[in-house]
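Me: I am new to this structure and would be grateful for a close look at a single part of it. Please treat one helix in detail and explain how it sits among its surroundings.

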Amino acid sequence: MDIVLGTAMDRNKISEKFPHTKQVLGDEGILIVAKEKGELIGFLWAFVRDIPVAVNEREIFIHVVEVFDAQYRCNGIGSLMVRKCIEVGRAESCYQVRAYCDGNNIPSNMLWIKNSFTISPVKMQNGTIPGSYVTYKL
């Protein structure tokens, strides 16, 4: 298993194989890919941005973590990609790594807990909790 920074060719392969990802993969960002025997089996897409409050710090915001085939899921591949993203965040002198997690996506919630992210639920005025922001301080 290889977890590496993705190339433009990797991004194109992902977009071709999974057309719905075209709207997610922008021109600027961090692509981390999981490969098994040279074949793409998953990816993480994130971007560096200024933290949207006046603290003069930057963060990596993870937009997507995806392992394509069910046979590869729940085997630690998502965690390996998240850890690689944390390494990139440290190298970029970011303050934190953050993501948004749907409240009903139990595997995603477990991924963040397993990797020592804090969980901050978003509570709506009607009391529902659609999801959470998750954060890892570097």
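Reply: The following account concerns one helix, and then turns to the salt bridges.

The model is a predicted one. Helix H3 spans residues 106-114, and its buried residues are Ser108, Asn109, Leu111 and Trp112. Viewed down the axis of H3, these buried residues fall within an arc of 155°, so they line one face of the helix. The face turned away from that buried side carries the exposed residues Ile106, Pro107 and Lys114.

Several elements cover the buried residues of H3, including helix H2 (77-91) and the strands E4 (58-67), E5 (96-102), E6 (118-122) and E7 (131-137). At the start of H3, a side-chain oxygen of asparagine 105 comes to within 3.1 Å of the backbone nitrogen of serine 108. Beyond the helix follows serine 116, which has a positive phi, near 65°.

Strand E4, one of the elements covering H3, also takes part in a salt bridge. The side chain of glutamate 59 meets that of arginine 49 at 2.7 Å, N to O. Glutamate 59 belongs to strand E4 and arginine 49 to strand E3 (residues 39-50), so the pair ties together parts that are 10 residues apart in sequence. Glutamate 59, at 0% relative accessibility, counts as buried, whereas arginine 49, at 27%, counts as partly exposed. A network of salt bridges links Arg49, Glu59 and Arg98. In the whole structure, a search finds 6 salt bridges.

Note on methods:
Residues numbered from 1 in each chain as written. Predicted model: local features only at pLDDT ≥ 70, side-chain atom pairs only at ≥ 80, totals over all residues. Heavy atoms only, no water. Buried < 20%, exposed > 50% of the residue type's maximum accessible area, 1.4 Å probe, protein only. Helix = DSSP H or I, 4+ residues; strand = E, 2+ residues; numbered from the N terminus. Arc of directions from axis to C-beta. Contact = heavy atoms within 4.5 Å. Polar contact = N/O pair within 3.5 Å; in protein donor to acceptor, adjacent residues only side chain to side chain. Salt bridge = Lys/Arg side-chain N within 4 Å of Asp/Glu carboxyl O.
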